[in-house]
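Trainee: I would like a close look at a single part of this model, the surroundings of the ligand. Please set that part in the context of the whole chain as well.

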Amino acid sequence: MRAYLDWNATTPPLAEVLDAMREAAGRAWANPSSVHADGRAARAVIEDARASVAALAGTDPRDVVFTSGGTEANNLALRSAFSTGGAPAALVTSRLEHPSVTRVAEALEREGRARVRWLEVTPDGAIDLDDLDRALEAAPALVTVQAVNHETGVLSPVAEVIARARAAGVRVHVDAVQGWGKIDVPAGWDTASVAPHKMRGPKGIGALATRAGARLEPVLAGGSQEKGIRPGTIDAALAAGFGVAARIAARSAARWAALGPLRDRIERELLAIDAPRGRARVAGAPARRAPHVSNLIWPGWIGAELVAALDLEGVSVSSGAACSAGTVEPSPVLLAMLGAADAARGVRVSIGDATTEDDASRAVRAFRAVLGR
Ligand SMILES: Cc1ncc(COP(=O)(O)O)c(C=O)c1O
């Protein structure tokens with residue numbers, strides 16, 4: 001029996017999600033853009049899902065655009081904010097963000113469309129709000145901030161960012177991919193990203209939610225689906241799974257909050273292991289963190305090596321974001337927080353609402369076995 005403690009990479013789909021997907025795949029397989037009855041059946045599934053995603057995000061269904069996932073939603077939000085010509089406007093963000101934000105920011109700068117203002121980052125993995133105030137003085141076009149850090153679980157001060165940006169008349173994008181269903185994501189953003197596979201739904205679909213009337217510019221050229229903002233045929237089966245996951249996520253934050261004691265137990269027991277090369281410490285520990293994530297820095301270890309050894313012991317954890325797994329690059333998040341010496345030493349343990357005390361015990365035993373060698 002393996003212990004899966006990599007819920008920030010992706011979550012196991014719920015049985016209700018799989019049932020809805022199976023049902024929609026067999027019944028609503030037609031092209032949702034077709035005007036005939038078969039197409040309309042697929043369209044109905046998609047619109048039902050859109051309503052559920054809108055309810056989760058607290059916006060109108062007309063203000064939800066389906067995408068292929070969180071990455072595309074972030075690309076769409078950032079590129080839409082810098083689509084016009086003229087002098088490049090400032091984009092305020094930080095090195096704590098997911099690559100689907102930081103890499104787009106870098107690309108916009110290369111393309112001469114934006115000047116990126118990287119916010120200062122505190123050693124406990126949060127953005128510096130005083131530095132945000134300084135950045136806002138330059139009247140940027142957009143501030144983009146994540147709800148929950150994908151590597152450390154540190155919560156961004158999203159409500160404060162929105163309040164300060166609003167007061168300065170600046171738009172805000174929130175990458176809330178790791179937040180929905182786990183914490184109460186603050187309202188008031190201009191755009192926000194959703195990825196159902198992080199909340200027990202399917203991969204291959206996501207959404208960008210906007211406040212009423214926000215203007216988006218397509219990233220892809222093609223047909224007129226999603227009001228021309230996101231061309232391409234949407235799969236009703238994926239949408240059905242997304243809809244169910246969104247409905248469940250809308251009332252699951254309390255269940256995730258209850259994971260705190262289990263995460264704390266894992267952390268306590270791992271920190272108590274006296275590894276020959278030194279004790280672990282928790283990245284981002286003094287900051288406010290989501291209840292299900294722990295990123296431990298192991299002196300003398302390369303995180304990726306520890307992850308590989310734990311895998312052989314039947315435990316799935318990760319070092320850094322899943323999208324950079326297999327690379328030898330240090331984590332950009334840990335680099336920004338802690339510097340080069342510790343940036344490759346992190347091992348992320350992330351649990352979910354199906355994680356058991358037995359999973360935790362198995363993981364701790366595996367860490368002890370590996371670290372004791
Ligand atoms: C904070 C954050 N944003 C965006 C993404 C990208 O989402 P997706 O994998 O759906 O493209 C991820 C995925 O790891 C994430 O953790």
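Mentor: Start with the element that gives the most to the shell around the ligand: helix α3, residues 70-81, with 3 residues. Bear in mind throughout that the model is predicted. The shell counts 17 residues in total, and the closest are Gly69, Gly70, Thr71, His150 and Ala195. By class, 11 of the shell residues are polar, 5 are nonpolar and 1 is charged.

The shell draws on both domain 1 (3-12 + 255-371) and domain 2 (15-249), so the ligand lies between them. The centres of the two domains, taken over C-alpha atoms, are 27 Å apart. Across the boundary, 28 residues of domain 1 are in contact with 27 residues of domain 2. On the domain 1 side, β10 (293-297), α11 (332-338) and β12 (346-350) each supply at least two of the touching residues. The largest share there comes from α11, with 6 residues. That side of domain 1 is made up of 16 nonpolar, 9 polar and 3 charged residues.

Back to α3, which also holds Ala81. Ala81 has 26 C-beta neighbours inside 10 Å; the threshold for a buried residue is 20 or more, so Ala81 counts as buried. Apart from neighbours within four places in sequence, Ala81 is in contact with Ala141, Leu142 and Arg171. Trp189 is 108 residues from Ala81 along the chain, and the C-alpha atoms of the two are separated by 13 Å.

Two loop residues deserve a check of their backbone angles. Most residues other than glycine have a negative phi. Arg200 has a positive value, with phi near 70 degrees, and Lys227 has one too, near 55 degrees. Arg200 sits in the loop between β7 (191-194) and β8 (206-210), whereas Lys227 belongs to the loop between β8 and α7. Their surroundings are as follows. Arg200 has 25 C-beta neighbours inside 10 Å and therefore counts as buried. Lys227 has 10 C-beta neighbours inside 10 Å and therefore counts as exposed.

The loop that holds Lys227 runs between β8 and α7, and α7 allows a check on helix geometry. This helix covers residues 236-249, 14 in number; at 1.5 Å a residue it should span 20 Å, and its end C-alpha atoms are 19 Å apart, which agrees. Of the 14 residues of α7, 13 are buried, so the helix is mostly covered.

Now the context of the whole chain. The chain has 12 helices and 12 strands. Its radius of gyration is 21 Å, close to the 21 Å that the globule rule gives for 373 residues, so the chain is as compact as a globular protein of that length. Along the principal axes, the C-alpha atoms fill a box of roughly 65 × 50 × 35 Å. Buried residues account for 52% of the 373 residues. Of the contacts between residues at least 6 apart in sequence, 72% join residues at least 24 apart.

Methods
Residues are numbered from 1 along each chain as its sequence is written. This is a predicted model: local features need pLDDT of at least 70, side-chain atom pairs count only at pLDDT 80 or more; totals for chains, interfaces and linings use all residues. Helices (H or I, at least four residues) and strands (E, at least two) are DSSP runs, numbered from the N terminus. The expected span of a helix is 1.5 Å times one less than its number of residues. A residue is buried if 20 or more other C-beta atoms lie within 10 Å of its own, exposed if 12 or fewer, and partly exposed in between; C-beta atoms are placed from the backbone. A residue is near a molecule or strand if its C-beta atom, placed from the backbone, lies within 6 Å of it. Ala, Val, Leu, Ile, Met, Phe, Trp, Tyr, Cys and Pro count as nonpolar, Asp, Glu, Lys and Arg as charged, and the others, Gly among them, as polar. Domain bounds come from an automatic or database domain assignment. The radius of gyration is taken over C-alpha atoms; the globule rule is 2.2 Å times the number of residues to the power 0.38. Two residues are in contact if their C-beta atoms, placed from the backbone, lie within 7 Å.
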